[in-house]
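Here are my comments on the model you sent, set out as numbered points for someone who is meeting it for the first time. I begin with a term that the later points rely on.

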Amino acid sequence: MKQGGVMRRVLFLLILLCLIGPRTAFPAKNAGKLAVKSALVTEYGSGKTLYSQDADRPIPPASLTKVMTMYVVFDLVASGKASFADRIKVSRGADRTGGSTMGLRAGEIVTLDELMRGMAVASGNDACIAVAEHFGGVPTFVGLMNRKARELGMTGTTFKNPNGLPAAGQYTTARDLTKLAVSYLRHYPQALRYHSTTEINHNGAVHGNTNRLLASYDGADGIKTGYVDASGYNIIATAKRGDTRVIAVVLGGRTKQVRNREAVRILDASFSGAVQTMVAACDMPEPEQPTKSLSKRASAKRHAKAMQVAKADRHAKVNARSGASARFDAREATVKKSRKADKAPAPKTAQKKASGKSKHVASR
């Protein structure tokens with residue numbers, strides 16, 4: 001009777017371990033969804049939504065904020081209040097801006113055109129501050145950004161600064177960013193000359209475009225990437241093949257590789273007309289891994305190990321449920337630690353390291 005009770009406990013433990021195994025606790029696919037927090041994909045010409053995933057979920061915009069900053073500048077130029085040839089003196093405040101920069105130096109004179117390239121290509125937070133200060137100061141300029149957001153019907157968006165660095169209350173949604181991107185490119189298609197530029201050189205430092213799809217995806221010609229800890233890796237991507245242009249907003253990738261992979265995946269499906277097929281494929285269960293046959297010796301060793309676990313469990317008077325929870329918590333801690341390390345931004349060439357600058361980078 002005593003031996004039967006031990007065997008039942010061993011069996012229970014083995015079943016429980018199977019239930020909390022990797023395929024159950026960490027599914028490889030997320031039923032019908034991209035591996036990101038939010039996404040919305042649109043056919044530019046017709047305005048038809050091709051794919052939607054949690055499109056109204058509030059997410060910090062990170063450097064996607066710069067699309068609105070550039071939109072406002074285009075409006076100012078179109079109204080005759082500014083020219084891309086305007087010469088702007090860089091302030092000490094712009095010079096000290098943290099995160100990704102184009103390498104501006106206090107006191108230097110740059111054109112508005114150069115600053116636009118710096119925002120689009122190098123994701124220069126310093127360029128955004130220089131622009132905002134030139135047009136009435138940061139609070140005034142952010143007011144113009146939020147006014148434009150209201151005009152476009154971006155009801156889930158609030159901007160707090162012109163560059164996307166972390167700020168309390170600064171949020172947007174995939175739906176709002178789609179409205180922004182569509183309107184921006186419809187009114188100022190020439191903006192793609194900035195967003196499709198692959199690199200710039202300023203003060204002797206070369207800055208590559210943070211949008212890696214430009215060099216790797218057929219038809220890609222813009223528009224912007226972004227990253228802060230609170231959002232993950234974001235992108236507004238657009239590509240044109242033949243007469244068809246697709247705009248994909250993909251927010252909250254765990255890494256920039258995941259973000260880019262999922263953006264490519266949904267762009268491919270959109271151009272091929274296979275979005276529904278892709279979604280259906282996501283819902284397919286993972287194929288079962290073949291069970292390896294065990295030799296009698298290996299089987300005996302596994303049984304002996306299971307008996308030792310049961311004995312230790314009985315002596316410690318720890319029930320199976322709490323033991324499983326402890327193992328699950330330990331694994332969760334390991335995964336979180338790995339993800340945290342994965343999120344750490346790599347050092348960037350020619351990026352300023354002055355003390356007092358924000359550790360957040362709104363540029364990935």
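1. Contact, as the word is used in this note, means heavy atoms within 4.5 Å. In that sense, Leu 112, Leu 115, Gly 118 and Met 119 in α5 meet Ala 127, Cys 128, Ala 130 and Val 131 in α6. By class, the residues of this contact of α5 with α6 divide into seven nonpolar, one polar and no charged.

2. Please keep in mind throughout that this is a predicted model. The protein has 14 helices and nine strands, and of its 364 residues 47% are buried. Among the contacts with a separation of 6 or more, 65% are between residues 24 or more positions apart.

3. The geometry of the pair in the opening point can be stated further: α5 and α6 pack at an angle of about 140°, with their axes 8 Å apart. That angle makes α5 oblique to α6, because only angles over 145 degrees count as roughly antiparallel. The crossing of these two helices is left-handed.

4. A second partner of α5 is α3, and here the packing angle is about 160°, with the axes 10 Å apart. This makes α3 roughly antiparallel to α5, and α3 passes α5 in a left-handed crossing. From α3, the residues Lys 66, Thr 69, Met 70, Val 73, Phe 74 and Val 77 meet Leu 112, Met 116, Met 119 and Ala 120 in α5. Sorted by class, the contact of α3 with α5 has eight nonpolar, one polar and one charged residues.

5. How much of α5 is buried? Seven of its nine residues are, so that the helix is mostly covered. The buried residues are Leu 112, Asp 113, Leu 115, Met 116, Gly 118, Met 119 and Ala 120. Leu 115 deserves a separate look: leaving aside its neighbours within four places in sequence, Leu 115 is in contact with Ile 88, Met 102, Leu 104, Val 110, Ala 127, Ala 130 and Val 131.

6. Which residues touch the most other members of the largest nonpolar core? They are Met 68, Leu 115, Phe 141, Tyr 184 and Ile 236, in a core of 59 residues. At least two residues of this core come from each of several elements, including α3 (65–78), α5 (112–120), α6 (125–134), α7 (138–151) and the strand β9 (244–253). The largest share, eight residues, is supplied by α3. Apart from this core lies another, of 20 residues, among them Val 41, Val 250, Ile 266 and Leu 267. As general background, nonpolar side chains tend to be buried together in soluble globular proteins.

7. Some backbone details should be checked by eye. A cis peptide bond, with omega about 0°, joins Gly 222 and Ile 223, and Ile 223 is placed in strand β7 (residues 220–228).

8. Two residues other than glycine have a positive phi. For Asp 54 the value is near 45°; this residue is in the loop between β2 (49–53) and α3, and is partly exposed, with a relative accessible area of 38%. For Asn 203 phi is about 55°; Asn 203 lies in the loop between β5 (199–202) and β6 (205–208) and is likewise partly exposed, with a relative accessible area of 34%.

Terms used. Residues numbered from 1 in each chain as written. Predicted model: local features only at pLDDT ≥ 70, side-chain atom pairs only at ≥ 80, totals over all residues. Heavy atoms only, no water. Core = buried A, V, L, I, M, F, W, Y, C linked by side-chain atoms within 4.5 Å. Buried < 20%, exposed > 50% of the residue type's maximum accessible area, 1.4 Å probe, protein only. Helix = DSSP H or I, 4+ residues; strand = E, 2+ residues; numbered from the N terminus. Axes fitted to C-alpha atoms, helices over the stretch in contact; angles between N-to-C directions. Parallel < 35°, antiparallel > 145°, perpendicular 65-115°, else oblique. Left-handed = near helix turned anticlockwise from the far one by under 90°. Nonpolar A, V, L, I, M, F, W, Y, C, P; charged D, E, K, R; others polar.
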